[in-house]
Each structure stands twice: as C-alpha cells, then as structure tokens.
Amino acid sequence: REFELPLQAQGCSSPARGSAEADEHGSIWISQDPLITSMELRCLDPDTSYTVQVAALTSRGLGERSDPGSFTTRSVAPSMGVILPRVVNSYHDHLVLECSGPVPDWSRTESSDVLGFSARYFECSRYGYGTNGAWITVDNVELEETGNSDLIRFTLKALHPERQYVVQVAAVTAAGRGPWSEQSARLSTWRVAPRLAPPLALMHTHDTL
C-alpha cells in the first residue's frame with residue numbers, strides 16, 4: 001500500500017496539511033542540530049518492510065523528494081531459540097520443562113520488551129495410532145529460576161499419568177504473541193505408582209494366607 005503523510009515540525013510558519021492524519025499516524029521534530037530532522041511513523045504493520053521518502057515544505061511549496069530508504073518493523077514478538085522444550089523433571093500429573101529463551105531482535109541500547117511466554121501442547125495418541133488430542137494453550141506460563149539466562153523453565157500442570165505430550169512455546173509482548181517454536185519431541189509423564197510383581201504365598205492354612 002502507498003500513502004502520503006504530510007508532517008510539519010513545530011514552529012514552522014507554513015500551514016499544516018492533513019494535521020489530523022499527522023497526529024494519528026506520525027510526528028516530526030527538529031533536534032538540537034538544525035541539520036537533523038527526526039520523525040516517527042505510527043500505526044504500521046508488524047514484520048513489514050516500508051520504503052520512505054521525505055521532502056521539505058516551505059511557504060513556496062513542496063520540494064523534491066529524497067531518495068527512498070527502506071525499513072522493516074519488528075515482529076509482534078521475537079521468535080524462540082533453537083533448544084526446544086525438554087523435560088527437567090517428570091511427574092504423574094505435571095512436567096517441568098525448559099527451552100531456549102527468545103532470540104533478541106532489539107539493539108544493544110534497548111532492553112527486551114518480552115513480558116512473558118505462552119505454551120501450548122497436545123496429548124499424543126497412545127500406542128502409535130489413533131488421533132492426537134486437541135491443542136491446549138496456556139496463555140501465561142509461570143517461570144522458574146534456571147541459573148542460565150539463555151533458558152526459560154516452566155511447568156505444565158493438570159496432565160495425565162503415563163502419557164506423551166508435544167509442546168510449543170512463544171514469547172509475548174505488549175503487542176501480542178510471537179511465532180510458536182518448533183514442536184518438541186514427545187515428552188512423557190510418570191506413572192502414579194510403580195507396578196508390583198504378583199503376590200506369592202509364604203504360608204497358607206485353611207483360613208489364612
């Protein structure tokens with residue numbers, strides 16, 4: 001899509017054109033260096049490339065447009081790293097998992113805008129045939145300390161014993177949820193209790209075993 005956004009720096013004597021659009025979609029200002037002009041374009045789409053040209057506006061009219069510059073907006077949230085969800089501890093009704101954190105898409109002068117993580121999983125069909133269960137999404141998993149800043153650790157609860165699950169994770173920012181990670185291998189819950197051997201009679205009488 002192509003659109004024109006007339007913007008005017010504060011203090012300019014020329015009348016502003018399209019001031020309502022300028023307030024909603026962008027702003028422009030002159031820095032302490034009069035040779036540098038800064039602008040902000042808003043209401044753009046995430047993970048989208050834009051080509052931008054600028055031109056000066058005076059009382060005599062609009063000047064020649066500059067050469068185009070190309071810029072790409074960030075994704076809604078960064079993608080996850082290469083280490084897929086794996087088991088740290090397995091229990092009969094929950095799994096403690098860890099995986100890579102998000103791949104930084106921010107500069108060294110910026111801080112991460114990731115607010116949390118979502119997970120989704122399905123129960124695998126038993127014995128290698130049949131239909132897998134439906135995806136179940138946990139919007140905000142509770143993180144645990146890992147001692148490794150490159151990994152995140154979380155727990156999936158309310159699972160069934162002796163079942164296998166496939167898990168994916170995604171980062172969440174104020175703008176929304178990022179792409180899901182690749183699917184994990186099958187991750188197994190533990191049994192409720194170990195299976196015992198059949199009982200053996202040590203002694204038996206007519207009324208006692």
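In this predicted model, residues 24 or more positions apart make up 54% of the contacts that have a separation of 6 or more. The fold behind that figure is built from one helix and 15 strands. Of the protein's 209 residues, 24% count as buried.

Salt bridges are a handy way into the long-range picture. Side chains of opposite charge can pair when their charged atoms come close. A search of the whole structure turns up six salt bridges, and three of them are picked out here.

Start with Arg153 and Glu98, which form a salt bridge with their closest N and O atoms 3.0 Å apart. Arg153 belongs to strand S12 (residues 151–156) and Glu98 to strand S8, so this pair links distant parts of the chain, 55 residues apart. The two side chains are also joined by a polar contact of 3.0 Å. Are these two charged partners buried or exposed? Both Arg153 and Glu98 are buried. For Glu98 the relative accessibility is 11%, and it counts as buried because that value falls under the 20% cut-off. Setting aside residues up to four places away in sequence, Glu98 touches Leu84, Pro85, Arg86 and Val88 on the one hand, and Leu151, Ile152 and Arg153 on the other.

The next pair is Arg163 with Glu123, a salt bridge whose closest N and O atoms are 3.2 Å apart. Here, too, distant parts of the chain are linked: Arg163 is in the loop between S12 and strand S13 (164–173), Glu123 is in strand S9, and 40 residues separate them. Arg163 has 22% relative accessibility and counts as partly exposed. Glu123 is partly exposed as well, with a relative accessible area of 23%. The loop that holds Arg163 has another residue worth a look, namely Glu162, which also lies between S12 and S13. Glu162 is not a glycine, yet its phi is positive, at about 55°. With a relative accessible area of 47%, Glu162 is partly exposed.

A third salt bridge connects Arg74 to Asp113, with 3.9 Å between the closest N and O atoms. Why does this pair tie together separate parts of the chain? Arg74 sits in the loop between S6 and strand S7 (86–90), while Asp113 sits in the loop between strand S8 (95–100) and strand S9 (116–123), so the bridge joins parts that are 39 residues apart in sequence. Both ends are partly exposed: Arg74 has 32% relative accessibility, and Asp113 has a relative accessible area of 33%. The pair does not stand alone, as Arg74, Glu110 and Asp113 are linked in a network of salt bridges.

Strand S6, which comes before the Arg74 loop, covers residues 69–72 and includes Ser70. Ser70 has 62% relative accessibility, so it counts as exposed. What does Ser70 contact once its neighbours within four places in sequence are left aside? The partners are Tyr50 and Thr51. The C-alpha atoms of Ser70 and Thr51 are separated by 4.4 Å, although the two residues are 19 residues apart along the chain.

S6 turns up again in the second largest pocket. Rolling a probe the size of a water molecule over the atoms shows where empty space is left. The second largest pocket has a volume of about 250 Å³. Its lining is made of 13 residues, and those nearest the centre are Met39, Leu41, Val52, Gly69 and Phe71. Strand S2 (37–41), strand S3 (49–52) and S6 are the elements that give two or more residues to this lining. Which of them supplies the largest share of the lining? That is S6, with three residues. Sorted by class, the lining of the second largest pocket has seven nonpolar, five polar and one charged residues.

Two of those lining strands, S2 and S3, are connected by a loop that contains Cys43. Cys43 is a residue other than glycine with a positive phi, near 60°. At 49% relative accessibility, Cys43 counts as partly exposed.

Conventions: Residues numbered from 1 in each chain as written. Predicted model: local features only at pLDDT ≥ 70, side-chain atom pairs only at ≥ 80, totals over all residues. Heavy atoms only, no water. Helix = DSSP H or I, 4+ residues; strand = E, 2+ residues; numbered from the N terminus. Buried < 20%, exposed > 50% of the residue type's maximum accessible area, 1.4 Å probe, protein only. Contact = heavy atoms within 4.5 Å. Salt bridge = Lys/Arg side-chain N within 4 Å of Asp/Glu carboxyl O. Polar contact = N/O pair within 3.5 Å; in protein donor to acceptor, adjacent residues only side chain to side chain. 1 Å grid on protein atoms, 1.4 Å probe; cavity = no way out; pocket = protein on both sides within 12 Å on 5 of 7 lines; lining within 4 Å. Points joined across faces, edges and corners; volume = space filled by probe spheres on them. Nonpolar A, V, L, I, M, F, W, Y, C, P; charged D, E, K, R; others polar.
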